[in-house]
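Work through these exercises with the model open beside you. Try each task before you read its solution.

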Amino acid sequence: MIPLTFANIGENMVIKKIGGSPEVKKHLEAMGFVAGSDVSIINAFAGNVIVNIKQSRVAISNEMAKKIMV
């Protein structure tokens, strides 16, 4: 398992675990980041990551991306 920030751009990964406080977990789950979901990084720049999750593009900070284990 590695944090999402270490995944290569364009590589399809499966979310294994969501870390962080209960509030952070709830926020990420509300955006579709749940264990078993497919996710891929579209682009990374200026401390932010744009990911493709459930046919949607979502921008999250690097700090949030570090809590998503793939």
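**Warm-up: a buried serine**

Ser 37 has a relative accessible area of 9% and is buried. Here buried means under 20% relative accessible area, exposed means over 50%, and partly exposed lies in between (1.4 Å probe, protein chains only).

Two notes on method. The model is predicted, so local features need pLDDT of at least 70, side-chain atom pairs count only at pLDDT 80 or more, and totals for chains, interfaces and linings use all residues. Residues are numbered from 1 along each chain as its sequence is written, and side-chain values use heavy atoms, with hydrogens and water left out.

**Exercise 1: Two neighbours in a loop**

Task: Find where Ser 37 lies, and decide whether Gly 36 is buried or exposed.

Solution:
- Step 1. Place them. Ser 37 is in the loop between H1 and S3, and Gly 36 is in the loop between H1 and S3 too. Helices (H or I, at least four residues) and strands (E, at least two) are DSSP runs, numbered from the N terminus.
- Step 2. Check the exposure. Gly 36 is exposed, at 53% relative accessible area.
- Step 3. List the contacts, meaning heavy atoms within 4.5 Å. Beyond its neighbours within four places in sequence, Ser 37 touches Met 13, Val 14, Ile 15, Gly 32, Ile 53 and Lys 54. With the neighbours within four places left aside, Gly 36 touches Val 14 and Ile 15.
- Step 4. Take a distance. Gly 36 and Lys 17 are 19 residues apart along the chain, and their C-alpha atoms are separated by 8.4 Å.

**Exercise 2: Read the overall layout**

Task: How many helices and strands does the chain have, and in what order do the elements run?

Solution:
- Step 1. Count. There are two helices and six strands.
- Step 2. Walk from the N terminus. The elements run β-β-α-β-β-β-α-β.
- Step 3. Test the compactness. The radius of gyration is 11 Å, close to the 11 Å from the globule rule for 70 residues, so the chain is as compact as a globular protein of that length. The radius is taken over C-alpha atoms, and the rule is 2.2 Å times the number of residues to the power 0.38.
- Step 4. Add the burial. Of the 70 residues in the chain, 36% are buried.

**Exercise 3: Build the sheet**

Task: Give the strand order of the open sheet, and say which strands stand at the edges.

Solution:
- Step 1. Write the order. The four strands run S1-S3-S4-S5, with antiparallel pairing. Two strands pair if DSSP finds at least two bridges between them.
- Step 2. Find the edges. S1 (12-14) and S5 each have a single partner strand, so one side of each is left without a neighbour in the sheet.
- Step 3. Recall the chemistry. Strands of a sheet pair through backbone hydrogen bonds, parallel or antiparallel.
- Step 4. Count bridges. S3 (residues 38-45) and S4 share six. S4 and S5 (residues 56-61) are also joined by six bridges.
- Step 5. Match partners. Ala 44 stands opposite Val 49. Ile 53 has Ser 56 as its bridge partner, and Asn 52 faces Arg 57.

**Exercise 4: Inspect the turns**

Task: What sign does phi take at Ala 46 and at Lys 54?

Solution:
- Step 1. Take the hairpin of S3 and S4. Two residues lie between the strands, and Ala 46 in the turn has a positive phi of about 50°.
- Step 2. Take the hairpin of S4 and S5. Two residues again separate the strands, and Lys 54 has a positive phi near 50°.
- Step 3. Note the residue types. Neither Ala 46 nor Lys 54 is a glycine.
- Step 4. Check the surface. Ala 46 is exposed, at 73% relative accessible area.

**Exercise 5: From strand to core**

Task: Which side chains of S4 (residues 48-53) are buried, and how many residues does S4 give to the largest nonpolar core?

Solution:
- Step 1. Split the faces. Val 49, Val 51 and Ile 53 point to one face and are buried. Asn 48, Ile 50 and Asn 52 point to the other and are not.
- Step 2. Meet the core. It has 19 residues, and those touching the most other members include Leu 4, Phe 33 and Val 51. Such a core is a set of buried Ala, Val, Leu, Ile, Met, Phe, Trp, Tyr and Cys residues joined through side-chain atoms within 4.5 Å.
- Step 3. Compare suppliers. H1 (22-30), S3, S4, S5 and H2 (62-66) each supply at least two residues. S4 gives the most, with three.
- Step 4. Zoom in on Val 51. Not counting residues up to four places away, its contacts include Leu 4, Phe 33, Val 39 and Ser 40.
- Step 5. Finish at Ser 40. This residue of S3 is buried, at 9% relative accessibility.
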